[in-house]
Amino acid sequence: MSVVSSREMITQLLRLGVNPGAVLLVHTSFSKVAPVEGGPQGLIAALQNAVGSAGTLVMPSMSDDDSHPFDSEKTECLGMGVVADTFWRLPGVLRSDNPHAFAAVGPEAGSITAAHPLDVPHGLNSPVGRVYELDGQILLLGVGHDANTTIHLGENMAGVRYRRAKQLTVLSGGTPVRYNYDEIDHCCQNFNLMDQWLEAGHRQRRGIVGHAEARLIRSRDVVEIALDRLRENETAFLHAPGVDVECDEARASLG
């Protein structure tokens, strides 16, 4: 495949509907986007150019290591992909001090990455909640809604009762200790139902960025549609019993 230039990526992003000056939360799989000029850093530069100096770029930056304390200056986020793991290391990028970290650069970066709870990773008092309150946009680049953490915000705001047992390792007096908590969680595959629900209301735009399929949505539209569906059926995003272990665990918590 031909290498997509930085200029073309910026054009693709703006054509898709990325707003200069916007808060833009990006979930991406670089293997679907590549090859592009400048590799992962080239894609990040194109995203920053699209939102401009008045815009704020945000990416997930959470750890996949529950056995060691999180260090915002050192802990990798390889599970989020090479773009996200490159992003938090760049000069000027802020990263929240939390195992459920997000990273951001731009005027709203400080407020988005401010302290947030360990046991409610995707509530209103979290980076995804702050993007929502700032009327941010979500870009799914080479990934589907099963990677869209903002849908968890919808679950939280809907007050769903299902939970799964989770644990983290935190420092207490300089000593690593296990922190146990319950989190709204499941396999997330059925988050892909959001495609049909959003597009039925013309609330999602599709296009190509680099070589990847891209979806662009307002955070508030994601939450509104999720709330509507969850108020009709609390388990709308869970698989039927016996299909998936994580969804079965979530269902079991309902009693």
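At 30% relative accessibility, Glu199 counts as partly exposed, in a model that is predicted rather than determined by experiment. The side chain of Glu199 meets that of Arg206 in a salt bridge, with 2.5 Å from N to O. Arg206 is likewise partly exposed, because its relative accessibility is 38%.

**Salt bridges**

The count of salt bridges in the model comes to 17. Side chains of opposite charge can pair when their charged atoms come close. Three of the pairs are listed below.

| Acidic residue | Basic residue | N to O distance |
|---|---|---|
| Glu199 | Arg206 | 2.5 Å |
| Asp185 | Lys166 | 3.1 Å |
| Glu224 | Arg203 | 3.1 Å |

In the pair formed by Glu224 and Arg203, Glu224 belongs to helix α9 (residues 219-232) and Arg203 to the loop between α8 and β8 (205-209), so the bridge ties together parts that are 21 residues apart in sequence. Glu224 has 38% relative accessibility and therefore counts as partly exposed. Arg203, at 26%, is also classed as partly exposed. This pair belongs to one network, in which salt bridges with shared partners join Asp135, Arg203, Arg218, Arg220, Asp221 and Glu224.

The bridge between Asp185 and Lys166 has an N to O distance of 3.1 Å. Asp185 sits in the loop between β7 (175-183) and α8 (194-200), and Lys166 in strand β6 (residues 164-172), so that distant parts of the chain, 19 residues apart, are linked. Is Asp185 buried or exposed? Asp185 counts as buried, because its relative accessibility is 9% and the cut-off for buried is under 20%. Its partner Lys166, at 24%, counts as partly exposed.

**Helix α9**

Helix α9 has 14 residues, which at 1.5 Å a residue should span 20 Å; the end C-alpha atoms are 20 Å apart, in agreement. The buried residues of this helix are Ser219, Asp221, Val222, Val223, Ile225, Ala226, Leu227 and Leu230. Asp221 is thus buried in α9 and is also a member of the salt-bridge network. The buried residues of α9 pack against α6 (127-133), β5, α7 (150-158), α8 and β9 (212-218).

**Nonpolar cores and helix α3**

The largest nonpolar core holds 35 residues, and those with the most contacts inside this core are Leu24, Leu47, Leu57, Phe87 and Leu139. Helix α3 (residues 39-51) supplies the largest share of the core, 6 residues. A second, separate core has 22 residues, among them Val143, Val160, Phe191 and Ile217.

What does Phe87 contact, once its neighbours within four places in sequence are left aside? Phe87 is in contact with Ile44, Leu57, Val58, Met59, Val93, Ala103, Ala104 and Val105. One of these, Ile44, is a buried residue of α3.

The other buried residues listed for α3 are Gly39, Pro40, Gly42, Leu43, Ala46, Leu47, Ala50 and Val51. An α-helix has 3.6 residues a turn, so residues three or four places apart point the same way. The cover over the buried residues of α3 includes α1 (6-16), β1 (23-28), α2 (30-33), β2 (56-60), α4 (82-87) and β5 (137-141).

The 13 residues of α3 should span 18 Å at 1.5 Å a residue, and the end C-alpha atoms lie 19 Å apart, which agrees. After α3 comes Gly52, with a positive phi near 75°.

How values were computed:
Residues are numbered from 1 along each chain as its sequence is written. This is a predicted model: local features need pLDDT of at least 70, side-chain atom pairs count only at pLDDT 80 or more; totals for chains, interfaces and linings use all residues. Side-chain values use heavy atoms; hydrogens and water are left out. A nonpolar core is a set of buried Ala, Val, Leu, Ile, Met, Phe, Trp, Tyr and Cys residues joined through side-chain atoms within 4.5 Å. Buried means under 20% relative accessible area, exposed over 50%, partly exposed in between (1.4 Å probe, protein chains only). Helices (H or I, at least four residues) and strands (E, at least two) are DSSP runs, numbered from the N terminus. Contact means heavy atoms within 4.5 Å. The expected span of a helix is 1.5 Å times one less than its number of residues. A salt bridge is a side-chain nitrogen of Lys or Arg within 4 Å of a carboxyl oxygen of Asp or Glu.
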